[in-house]
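Me: Please give me a close look at the surroundings of the ligand, and then lead me from there to the parts of the chain that help to place them. I am in my first year, so please explain each term when you use it.

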Amino acid sequence: PQPIYLSDYRPPAYRVTHTELTFDLDPAATRVKARLHVERHPDREAGAPLELDGEQLALKAIAIDGQPLGEDEYALTERGLRVERVPARFLLDTEVEIAPEDNTALEGLYQSNGMYCTQCEAEGFRRITFYPDRPDVMATFSTTVIGDAGREPVLLSNGNPVERGELPGGRHFVTWEDPHPKPCYLFALVAGDLKKVEDGFTTAGGRDVTLQIWVEEENLGKTDHAMASLKRAMRWDEETYGREYDLDLFMIVAVNDFNMGAMENKGLNIFNSAAVLTHPDTATDAAFQRVEGIVAHEYFHNWSGNRVTCRDWFQLSLKEGFTVFRDQCFSADTNSAPVKRIEEVSFFRTAQFAEDAGPTAHPVRPDHYIEIGNFYTLTIYEKGAEIVRMLRNLVGWDAFRRGSDRYFERFDGQAVTIEDFVACMAEASGRDLSQFLRWYDQAGTPEIDAHGEYDYANGVYRLVLRQRTPATPGQPDKRPLHIPIRLGLVGTKTGRDLPLTLDGEALGTDGVIHLHEEEQEFVFTEVAEAPVPSLARNFSAPVKLHFPYSREDLAFLQTHDSDGFNRWDAGQRLALLALDDLIAAHRNGVEKVMDGRVVEAFRALLAAEPDDKAVLAEMLTLPSEAYIAEQQPLVDVDAIHAARQFVKQSLALALRDDFLRVYEANRREAPYAPEPEQIGERSLKNVALSYLMSIEDEEGIELARRQFEADHNMTDVRAALTLLVHSSRDDLADPALRAFGEKWAHDPLVMDQWFSIQVSRPQSDALERVKFLMDHPAFSLTNPNKVRALIGAFAQNRINFHRADGEGYRLLADVVIELNRLNPEIAARLVTPLTRWQRFDETRQDLMKGELERIRGEALSPNLYEVIEKALA
Ligand code: B3K
Ligand code: ZN
């Protein structure tokens with residue numbers, strides 16, 4: 001496979017203004033007729049050949065302006081269809097046959113639980129019909145779906161239904177029209193025996209929109225939260241961005257087999273059932289929040305993605321970074337905002353930083369790829385969102401909103417670039433964003449080394465910041481970035497933020513300084529007392545910031561910083577310092593000694609009356625093993641696990657009664673609601689319980705058992721079950737697992753949780769359990785949710801996946817090899833943990849590389865080929 005380069009971009013020679021499709025559905029032989037209204041691009045020379053993408057299509061007929069083409073008038077290749085001579089304007093008719101039942105890649109038209117559905121982004125439409133499958137070709141669509149009236153009573157596509165009728169042989173049809181020009185990646189079709197839940201929404205402009213969620217009958221009781229979230233998102237986008245919905249119908253469909261979370265097809269969003277279905281008995285608080293976020297994300301794409309789309313796939317972050325930023329702000333507005341930020345950043349610093357530091361590191365706007373399906377990454381999505389967030393903070397909300405209005409107005413109905421977006425922000429704010437644009441093209445996580453000095457005599461605080469971005473594959477040298485640092489100087493006497501005066505200018509007590517150069521000195525004057533700097537507040541830039549804080553400084557910031565995020569972060573930094581010592585002690589075989597400052601910090605946290613319980617729960621949560629590993633030069637999985645466990649148990653022993661008290665104070669019996677206050681209480685209670693269970697305290701065990709048996713809601717049940725299953729006591733684990741497995745055998749989404757919980761246990765039988773569960777009737781390699789729940793979850797079980805005998809690696813490689821044939825997109829994602837071999841000791845490196853080599857020996861899909869080649873480069 002050959003890479004495609006951004007620098008090779010050329011506008012299409014031909015555009016399609018209108019697309020008429022007819023699907024005659026059949027599992028083994030669906031017929032797809034396409035009539036394309038084609039025009040040569042005005043700037044392009046006459047005589048350019050027409051090139052259409054097409055894969056795995058059996059061509060049955062082809063005609064131009066009604067005249068069938070002879071065999072010498074077109075050429076079929078593995079990648080598509082080429083017609084050498086075409087008029088400047090013409091109708092192209094094709095008919096192809098495809099087999100949805102054989103489609104296990106879940107791209108194009110496939111079957112899930114007997115229903116038909118599609119996934120076209122990025123390049124799935126070429127598996128449906130011959131087409132210029134690129135986002136800068138935008139057409140209106142008219143789609144007729146023909147199906148069996150009994151098996152497929154419901155026939156859906158984009159836009160509005162305009163005609164329906166009966167056909168001979170028990171068949172029927174529905175015709176849909178989508179008046180909004182769209183690229184084919186936003187095309188969708190769904191057919192099956194589905195039931196709907198319906199609601200309505202009136203837009204600010206007075207349009208009455210029918211909202212429908214389509215599910216299999218047994219899931220009818222699980223749509224309330226998604227529907228409520230959708231309505232909130234629609235209102236929020238009107239109020240926040242002035243964006244209204246533009247059709248009379250908005251549909252969501254839940255399907256079981258889906259590679260990603262969901263897809264923003266125009267007017268017909270298709271969702272992984274895990275990203276839409278909720279019920280207090282079956283879904284946790286985290287799942288409720290995830291559903292809310294994804295429903296909003298896909299809805300927001302209607303403007304940021306659909307009305308204004310990407311010129312080419314290198315611009316993917318144009319729609320994804322902006323839309324993630326939009327959904328993050330929405331979730332912050334509807335939940336506990338500080339907790340949302342903490343969750344986002346912990347996830348980002350663990351997973352995106354690791355991606356940036358590994359062999360698949362790439363810029364937010366890559367300049368080449370082999371398989372675009374590999375670029376739906378944390379960098380494109382989450383780092384892209386952080387860049388948009390920096391922009392918002394740089395120009396301020398008002399200018400940002402004006403820039404956004406300008407962007408949507410100017411480019412409505414067009415396919416554009418990241419520069420177009422940033423240019424709107426520059427114009428609206430009058431700011432020069434040229435250096436800022438480097439964020440999009442430079443891969444890797446910038447690191448800032450900071451140090452400061454207080455001059456008592458003159459009341460001056462000097463802060464020196466030095467930035468460097470480590471080399472990444474293909475980018476040995478990096479240029480300095482424009483990095484906004486939000487900061488405060490917290491007075492050590494008063495514990496208050498001191499007024500900031502920089503170069504004679506007053507910045508308030510919470511200001512932003514701009515790092516443009518490799519090294520810059522910032523001199524704050526009129527600083528009345530010795531301060532501790534609070535830097536990069538609220539994670540103002542996606543960087544690693546190093547400052548030589550003492551443990552006393554961190555303990556001070558943890559209680560006094562006015563920025564909630566940095567209060568949490570100070571606690572994390574303090575814990576990390578203690579963990580460092582313990583990791584070293586473990587490696588050197590020295591007795592471990594707990595840092596009393598951490599105990600005292602926790603004691604103070606537990607004693608105070610919290611104003612946000614969810615934040616407190618986060619503050620009581622130790623950095624994850626994955627995040628600790630991120631901080632280590634060489635990852636020692638066993639030492640990290642042992643050190644973290646030691647800290648947890650030491651805290652539990654020292655503060656047992658406090659944890660018990662917090663547990664008791666937060667068990668409320670009110671009916672479940674996925675509301676911030678209740679969610680905060682549940683997290684706090686369950687964090688307290690996890691400490692008690694870490695020492696297998698008899699009272700703690702009893703509480704966990706009772707919480708499991710009380711069966712109040714899935715959040716509490718799952719938390720208790722996890723603690724029982726992760727304990728060292730099989731007499732606690734086994735009966736609970738059995739009861740849960742029997743109770744929920746009929747519910748695939750709950751069984752996913754059952755799989756994950758057991759294969760993430762720290763006990764050494766985790767790998768054997770994975771092997772055993774792969775034969776469980778509820779498991780299936782062709783269902784991505786199951787693969788993630790069992791294999792994906794095991795690969796996150798750090799001490800067991802990284803077993804010294806390499807059996808964890810071998811298991812993952814075996815599954816990846818099988819999935820390479822079935823579902824290349826999922827295979828390429830699943831292999832990720834093996835690609836991070838550089839971080840481990842030599843023995844593990846060799847074992848991991850050995851498995852990558854074994855995979856390389858197979859006939860690889862382009863997806864896996866690209867990832868494996870990078871990993872072994
Ligand atoms: N845009 C889709 C991505 C699907 C791509 C899969 N290859 C989901 C989202 O970001 O909303
Ligand atoms: Zn998206």
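Reply: What follows starts at the ligand and then moves along the chain.

This is a predicted model, in which local features need pLDDT of at least 70 and side-chain atom pairs count only at pLDDT 80 or more, while totals for chains, interfaces and linings use all residues. Residues are numbered from 1 along each chain as its sequence is written, and chains are lettered from A and ligands numbered from 1 in the order in which they are written.

There are 13 residues around ligand 1, and those that come nearest are Glu121, Met260, Met263, Glu264 and Gly373; a residue counts as near a molecule if its C-beta atom, placed from the backbone, lies within 6 Å of it. Two elements, β20 (262-263) and α2 (285-300), each give two or more residues to this shell; helices (H or I, at least four residues) and strands (E, at least two) are DSSP runs, numbered from the N terminus. By character, the shell divides into five nonpolar, four polar and four charged residues, where Ala, Val, Leu, Ile, Met, Phe, Trp, Tyr, Cys and Pro count as nonpolar, Asp, Glu, Lys and Arg as charged, and the others, Gly among them, as polar.

Glu121, one of the residues that come nearest to ligand 1, is also joined to Ala122 by a cis peptide bond, with omega about 0°. Most peptide bonds are trans. Ala122 lies in the loop between β11 (115-119) and β12 (139-148). According to the UniProt annotation, from an unreviewed entry, residues 103-186 carry "domain: Aminopeptidase N-like N-terminal"; such positions are given in the numbering used here, feature names are shortened, and annotations may be inferred rather than shown by experiment. This span is 0% helix and 52% strand, and its end C-alpha atoms lie 19 Å apart.

From the shell one can also follow α2, whose axis comes within 9 Å of that of helix α3 (residues 316-334), the two crossing at roughly 135°; axes are lines fitted to C-alpha atoms, for helices over the stretch in contact, and angles run from 0 to 180 degrees between N-to-C directions. That angle makes α2 oblique to α3, because angles under 35 degrees count as roughly parallel, over 145 as roughly antiparallel, 65 to 115 as roughly perpendicular and the rest as oblique. The crossing of α2 and α3 is right-handed, a word used if the near helix is turned clockwise from the far one by less than a right angle, with left-handed for anticlockwise. Another pair, helix α4 (residues 337-357) and helix α5 (residues 378-395), packs at about 125° with axes 10 Å apart, and this makes α4 oblique to α5. The crossing of α4 and α5 is left-handed.

Further along the chain, the loop between β33 (531-534) and β34 (544-546) holds Ala536, and Asn538 is found in that loop too. Most residues other than glycine have a negative phi. Ala536, however, has a positive phi near 50°, and Asn538 has one of about 55°. With 24 other C-beta atoms within 10 Å, Ala536 is buried, whereas Asn538, with 18 such neighbours, is partly exposed; buried requires 20 or more other C-beta atoms within 10 Å, exposed 12 or fewer, and partly exposed lies in between, with C-beta atoms placed from the backbone.
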